[in-house]
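Dear colleague,

I am handing over the structure we spoke about, and I would be glad if you could look through it alongside my notes. The notes come after the structure itself.

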Amino acid sequence: MGEFQVHRVRFFAYMPAGIRCLAHSPRSARLALARTDGALEVYNFAANYFQEKGIPGHETRTTEALCWATGDRLFGAGLGGDVSEYDLEKLRVKYSLDGFGGPIWSMAADPSGTQLAVGCEDGSVKLFQVLPDKIQFERSLDRQKGRIMSLSWHPSGTRIAVGSIDLLRVFDVKSGHAIQRILVDRHPQGLYRRECVVWSVAFLSDGTIVSSDSVGKVQFWDSEKGTLLETHPVSSSAVLCLAVSEEEDSIVVGTSEGAVYQFQLLPVKWGSAESKWVRTKPFQHHTHDVRAVAHSATALISGGLDAQLVIRPLMERVHGKGYDAVLRKFTFPHRRLVSCAKKARLLLFQFPQHLELWRLGATDSAGKDGDILPVSRAPEHLLQLKSKGPEHICCSCISLCGSWIAYATTSRLHLHRVHLENGSVRVKRVSKVPKLLCSAHQLLCSADSTSLFVASDQGAVHVLKLLEPGRCGHLQTLRPNSGSAQAVYLLTASVDGDWLAAASGDWEINVYSLRHFKPHCTVPVYNCAVTALAIHPVTNNLVIAHSDQQVFEFSITDREYTTWSRKVQQHGLHKGWLERDTPITHITFNPKQPAHILLHDTYMFCILDKSLPLPDDATQLMNQTTLKQLSEKARRGCAHAFKICKKYQPLLFVDLLEEGSLVVVERPLMDIKTQLPPPVQQKKFGT
Amino acid sequence: MRVRGRRSRSGKMVAPQPLRVVRCGGSKLSGARAAFSADAKYLLCASGDYVKVYSTATEKCVHILQGHTNLVTGIQLNPQNHMQLYSCSLDGTIKLWDFTDGILIKTFVVGYKLFAFYMLAGSEDSVFIIIPKNDEDFLDWFQLVSVKLPKTPDQEVEAKELSLILDDIGQWPKCTAFGREGEYVASVRGLHLLVYFFKKKKINRFSLSATSKKGANNYFTCVACHPKEDCIASGHKDGKIRLWRNFNHKREYTFSTLHWHHDVVMDLAFSVEGTSLLSGGVESVLVQWRDGSDYKKEFLPRLGSTIEHISASPDGTFYCTSHTENKIIIIHSSLSVSAVIQGLVKGSDVKTGLVVDPRTKALVLNGKPGHLQFYCLQTDKQLYNLDIVQQEYIHQIGLNQVDLVKAAFSAQGNWLATVEQREEKEVELELQMKLWNYDEQTQSFTLNTRINMPHEDHVTALCFRDTDELEDGTPTLVTAGNDGRFKVWVLVNDSDSEKPSMGWSCDFVGSYHNYPATNCCFSEDGSLLAVSFEETVTVWNSDTWDLICTFCHPPGRIQNLCFGRLSCSKYLLGTTDCGFLCCWNLLSCALEWSAQLNVMVLQPDPLSENIAAVSRLLEGSDLFVFKPNEPRPFCIQRNVCRERVQCAVFIPRDVPDSIGSEKHQWLSRSQLYFLTETQDLLTFSTKSAEERLTPSSRQLAVEESLPMTPFSLLLGKHRHQQQSKENADLDTAVVQSHLAQGSPAVKELLHTSAHVLPSASFLCSIFINSVLISKENKSAGEVVDVVEMDSEKAEDESDEDLELTEMEQDINPTEFLGEITEIKLSKSQEKQLRKIRRMDYSWVAAL
């Protein structure tokens with residue numbers, strides 16, 4: 001008999017949406033990512049590529065272009081024809097402005113961040129002025145025939161290179177006239193020559209224009225003379241995107257075959273000024289179209305329709321072996337999509353536009369460690385809740401007893417009362433949910449299912465009272481003393497109902513006393529994003545996981561870090577632990593073993609045993625298999641605090657039910673791949 | 001032709017010139033990268049101990065540079081003088097040759113085994129070689145060192161000033177390459193690329209991981225450097241080619257990958273300007289990558305066999321690829337094959353043995369898979385390949401191919417019988433016998449009859465009846481098989497079909513107690529057939545197919561069987577596996593004599609009574625030549641080679657050789673060739689080593705393949721005049737060499753270039769002596785007179801000479817012209833041309 005009975009859940013048919021565009025801001029070290037369903041995500045590179053912010057998608061919003069202006073303002077434009085600015089504090093669209101040029105295919109901010117150039121369907125390039133709190137239409141450059149697929153500013157801000165169908169143009173910004181028109185080679189095959197779409201352009205400071213097109217070529221042009229400098233056939237299908245490094249010595253391109261190539265500007269001979277662009281490294285991490293690439297100082301970033309964000313470090317620019325020097329692949333959001341009603345043994349799955357409620361299966365047999373037990377009662381799909389309106393769901397939760405389901409879109413909060421009687425399910429919508437002024441970013445039910453905590457803007461947490469039979473009322477609003485501007489994105493409450501901890505976007509954790517509805521204390525701000533929070537049911541210690549893989553334990557009652565936490569900081573965590581790929585997304589506890597902390601990230605599940613000594617770098621971190629082979633006595637000598645299990649991958653959720661059974665929600669990558677459309681046909685040798 | 005220093009050890013035999021075993025014909029052409037001359041007119045390649053000079057236009061061997069005493073491992077043109085060639089060899093010397101005249105200029109003795117040779121245009125006096133680190137301690141440890149070549153006028157110089165450049169590198173020449181203008185040298189070994197920068201004197205080392213998740217095999221196999229840019233191309237075991245750039249930085253180096261080959265990249269070469277990269281491997285496809293791009297590649301497929309080396313000509317017109325099947329293909333830069341230089345194809349196993357084609361006297365044996373090659377030993381050239389199996393050869397490991405196992409010719413060479421087999425497992429055997437008729441019109445063999453499964457089991461022997469085909473109309477073939485039968489096949493008229501055609505069909509099947517038949521042979525007149533069944537030899541009447549008598553020599557099984565010839569035709573000889581050579585008299589049906597000898601090969605000479613037997617003791621093979629009528633061999637040659645002799649053959653000479661020694665008279669009419677286990681083709685020579693070393697014929701002036709135009713004739717005339725003026729002595733040498741053939745001293749004097757000759761005072765006496773000896777001969781005296789003639793007269797005479805040659809040439813060039821351009825000069829034009837030619841145009845030279 002093993003330690004836990006594990007429910008291995010694979011019926012969460014979550015499909016991440018494909019990545020449509022990327023925008024990297026070197027100044028703030030952040031990456032903005034737009035998905036095909038209109039969702040926006042912001043990754044913080046300084047905090048180990050943690051997905052810091054997320055704005056849920058919208059049915060009508062399709063983002064085609066993203067750009068940062070002055071380092072921290074993010075603009076998006078799409079086929080709806082609107083240019084919008086995102087509010088990264090309140091996690092919503094701040095405002096939208098119609099471009100009046102039809103669908104927008106491309107957008108770029110000028111180097112100073114004062115102007116936005118927008119390329120429209122009707123062939124016009126429109127300039128918008130970026131004002132402190134809005135944007136304003138300034139003027140339109142000479143309108144030409146053919147949609148503007150791509151555009152790029154010259155680093156001086158005086159020229160714009162524009163990629164259209166079959167041709168490239170160079171505009172003078174001051175006069176607004178096209179000063180150069182360059183025809184691009186059409187597709188050479190076939191009876192009729194197919195048009196050539198210039199998918200992406202980049203204007204280099206020496207006047208070279210780099211273009212990538214649907215013929216599969218990356219071409220370098222002289223913008224002054226309008227002549228072709230170099231041609232690099234890269235793919236037999238389209239080259240969809242390109243990005244240039246800040247030093248302009250490296251270019252990354254992505255093709256529709258899923259390959260990413262790097263071009264480097266290399267000297268032909270040492271010491272001579274003559275240099276040429278050489279295609280160097282190919283990477284094949286994607287299976288489908290690579291729709292967007294970005295070039296950070298140390299890494300190539302690519303995102304594709306297979307929903308993977310791949311960060312490939314450039315070894316020659318990364319110094320030392322560390323977190324930066326490892327290839328990262330993100331498929332799943334760094335957010336909790338599953339909530340578990342422990343008492344009722346229910347799982348709530350959050351999809352972009354609906355929720356699913358499942359009852360876990362059960363078994364009546366017992367077995368040895370490692371046995372697969374036969375299921376006597378199959379898991380049951382109880383309920384599917386469709387969200388109303390075009391907005392996507394941003395968060396959801398189910399109470400521990402399973403009788404309340406709450407979910408929120410950007411504008412509304414929805415609450416449902418669920419009655420489970422003898423296998424039949426009845427859902428009743430709570431009609432009078434108090435109208436909150438701001439949106440909800442995280443929801444949490446208290447352990448006794450009497451109150452609902454709603455995380456909101458400006459660090460506020462609303463407390464709603466859940467009343468039988470299916471009513472609710474606004475009880476309190478908790479606000480931090482510091483007056484934070486950022487939204488709260490993580491919540492946790494103690495089992496005894498006394499404490500609530502909330503982490504906001506500026507990585508501040510406030511602890512509130514629910515007895516007095518006032519701030520109790522603030523955890524000292526650590527310089528890395530908080531990825532998971534939990535309060536221990538017995539000791540009421542707050543356990544915090546950060547994106548740099550540090551784990552802290554904070555005593556709420558003593559308002560200080562516990563001695564164990566200090567010991568951990570003194571000793572330092574194991575190297576193998578710190579170099580893990582993905583952040584810890586969920587923390588839970590075992591009430592029968594107060595010394596245990598259960599943590600998980602996408603690739604592993606760990607029981608942190610506080611009673612055991614911490615490992616040092618010389619010992620093996622993943623030692624469970626070796627421990628199994630040792631004798632009882634030797635095992636005790638070798639055991640250390642981290643008990644890691646990598647059997648279940650990729651993990652979306654782990655929680656401990658009562659009576660020692662564990663729920664593990666997996667989403668195999670293979671299942672996602674089979675749902676995707678077939679990739680571009682490629683001849684593989686030997687097939 | 002390789003000269004082995006092994007001499008006969010038999011003390012008893014005191015011959016004036018001992019018989020020596022020499023390696024003949026078909027040594028490996030693909031041992032090292034071939035080199036082009038500067039004008040791409042000649043291709044130089046290392047072949048065994050020699051360097052061979054081929055004409056790229058005619059595929060003919062122009063010169064053989066002989067002088068090394070071990071394998072030549074590297075050749076390179078002298079960057080300072082494009083008419084000179086450096087070669088290095090395992091014998092520890094570097095030799096400098098004048099390859100247009102085939103003269104050894106200088107020898108540098110280094111004293112280590114040299115595995116590769118490199119010379120840079122920039123450094124005049126030092127060269128780079130690869131030597132083993134220590135002869136015994138590190139067997140697999142090689143170093144790149146630079147050697148200072150001393151500038152002394154001596155012909156043999158010791159070069160001992162070595163300085164280490166790189167340690168622990170691969171021994172193969174293609175694993176090291178010098179970069180642009182000699183700034184760096186790159187060397188690969190295992191998983192590492194080493195780059196040494198001469199100016200900064202620093203080494204950069206780049207390593208790859210052995211394998212990756214995707215099944216890459218990153219071991220380096222070869223390296224090449226871009227001639228104009230800082231770019232290194234490396235080939236890998238999994239077929240990838242990496243182009244390294246920025247490798248002067250330890251961290252910021254980068255590479256791009258080209259991948260087409262599915263197996264090992266055997267060699268890489270850049271074109272002269274570096275615009276294209278050539279690669280080749282087991283796919284036998286030459287791939288040309290333009291601009292280092294994966295998308296701009298061109299192919300030259302179906303080159304026959306694995307490409308081992310690639311080189312490019314300095315003028316950029318040609319590439320050449322060396323192949324494992326001992327072939328060099330010269331390829332025009334537009335990727336079209338321009339010429340093929342084919343040596344003797346050496347497979348892993350010669351199953352057919354050595355056969356002689358009676359028509360061409362060519363050696364016939366297995367060639368390319370499924371082919372029979374016809375190889376002329378006199379010219380050391382492959383005549384042609386006959387595709388027997390007629391199936392596409394697929395290169396794949398573990399694939400069982402159809403194998404050609406037996407071949408036999410009829411006495412006149414009109415018929416060829418071949419047997420091919422394919423063995424999947426022990427039980428599944430596919431056999432096919434094919435009979436080929438020689439077609440006089442097409443001058444080749446055409447398939448006449450195809451017989452599936454001629455025997456139930458392996459065919460062990462086949463032979464034609466050696467009858468005069470005019471006398472007895474039916475050609476007869478006998479095959480013996482492991483299924484216990486021998487079958488007689490005759491040519492019959494297929495009267496059934498409408499068209500009269502001839503085909504082979506089975507006439508008689510014989511067996512003897514169902515023992516497997518192991519050998520068969522016909523007597524010389526064709527009246528008797530001997531077939532051996534395990535321990536028994538049976539003799540059959542070939543008219544009635546009756547069993548006449550049996551012989552055996554228990555307990556040995558019969559291994560070889562042959563009838564005596566000419567005066568000894570009443571004897572039948574057989575060898576047993578228990579080590580006996582038996583001679584039976586067919587008239588008395590009794591054992592005439594037997595000798596205890598572990599004979600491996602028994603080969604009768606078709607032109608005499610002589611029979612050669614090669615026996616093997618514990619180590620080394622011995623040759624015995626005897627006549628069946630006397631049990632004593634008249635020639636014993638001990639220890640002809642260390643390995644086992646696989647097969648042997650007598651090849652009739654075109655012209656009987658005059659052999660002084662009585663002992664070696666047996667070699668006068670036909671020559672014995674034998675093939676060892678290591679696929680070395682060896683023969684015997686009675687000539688001394690020195691005699692063989694001086695080439696029999698020297699082509700003094702190599703024909704210039706300039707197109708003939710009136711203007712070139714005109715200029716040519718003038719040039720001839722000048723040359724004859726300058727080289728009056730050379731002209732006389734031509735005359736003299738005919739007259740004073742026997743005096744090597746004069747030859748040496750006249751053929752060696754002036755700057756390497758010893759002082760005149762030293763030569764004088766030798767020269768005069770050589771002239772004095774031939775005083776009895778009147779013509780020799782005249783020759784001396786010619787030498788002493790004053791220059792004016794010589795000029796006149798050479799003028800006349802020229803006149804004559806021109807008259808002869810007169811016809812040839814016009815014919816040549818007519819063929820190519822189809823423009824025939826009218827007679828009046830011809831006259832005019834002639835007039836022009838007569839005029840003095842020496843003023844042209846003044847311009």
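Below I go from the chains as wholes to a few strands and one loop residue.

Please bear in mind throughout that this is a predicted model, and that the values I quote were computed from it.

I begin with chain A, whose secondary structure consists of five helices and 55 strands. The C-alpha trace of this chain spans about 75 × 60 × 50 Å along its principal axes. The radius of gyration of chain A is 27 Å, which agrees with the value near 26 Å that a compact globule of 687 residues would have. Of those 687 residues, 59% are buried, and the accessible surface of chain A comes to about 28,300 Å², with 51% of that area belonging to carbon and sulfur atoms. When contacts in chain A are limited to residues at least 6 apart in sequence, 48% of them join residues at least 24 apart. As for charge, chain A carries 77 positive and 67 negative side chains, and the centres of these two sets lie 4 Å apart.

Chain B has nine helices and 58 strands, and 50% of its 847 residues are buried. About 40,800 Å² of chain B is exposed, and carbon and sulfur atoms supply 51% of that area. Among the contacts in chain B with a separation of 6 or more, 44% come from residues 24 or more positions apart.

Within chain A, I looked in some detail at strand E32 (residues 354-359), in which six of the six residues are buried. In a regular strand the side chains alternate between the two faces of the sheet. In E32(A), A:His354, A:Glu356 and A:Trp358 point one way, while A:Leu355, A:Leu357 and A:Arg359 point the other way, and all of them are buried; you will see that charged residues such as A:Glu356 and A:Arg359 are on that buried list.

Which strands does E32(A) pair with? One partner is strand E31 (residues 346-350) of chain A, which pairs with E32(A) in the antiparallel sense over five bridges; the two form a hairpin with three residues between them, and A:Leu347 has A:Trp358 of E32(A) as its bridge partner. Another partner is strand E33 (residues 380-386) of chain A, which runs antiparallel to E32(A) and is joined to it by six bridges, with A:Lys386 in E33(A) as the bridge partner of A:His354.

In chain B, a hairpin that may be worth opening in your viewer is the one made by strand E18 (residues 192-197) and strand E19 (residues 202-207), which pair in the antiparallel sense over six bridges. B:Tyr196 stands opposite B:Ile203 of E19(B) in this pairing. Four residues lie between the two strands of the hairpin, and B:Lys201 takes a positive phi near 55° there.

Finally, B:Glu630 is placed in the loop between strand E54 (621-626) and strand E55 (635-641) of chain B. Is this residue buried, exposed or partly exposed? The relative accessible area of B:Glu630 is 38%, so it counts as partly exposed, since that class lies between the 20% and 50% limits. B:Glu630 and B:Asp49 are 581 residues apart along the chain, and their C-alpha atoms are separated by 41 Å.

With best regards

Methods
Residues are numbered from 1 along each chain as its sequence is written. Chains are lettered from A and ligands numbered from 1 in the order in which they are written. This is a predicted model: local features need pLDDT of at least 70, side-chain atom pairs count only at pLDDT 80 or more; totals for chains, interfaces and linings use all residues. Side-chain values use heavy atoms; hydrogens and water are left out. Two strands pair if DSSP finds at least two bridges between them. The radius of gyration is taken over C-alpha atoms; the globule rule is 2.2 Å times the number of residues to the power 0.38. Buried means under 20% relative accessible area, exposed over 50%, partly exposed in between (1.4 Å probe, protein chains only). Contact means heavy atoms within 4.5 Å. Accessible areas come from the Shrake-Rupley method with a 1.4 Å probe; for residues, only the protein chains shown count as cover. Lys and Arg count as positive and Asp and Glu as negative; His and the chain ends are not counted. The place of a charge is taken as NZ of Lys, CZ of Arg, CG of Asp or CD of Glu.
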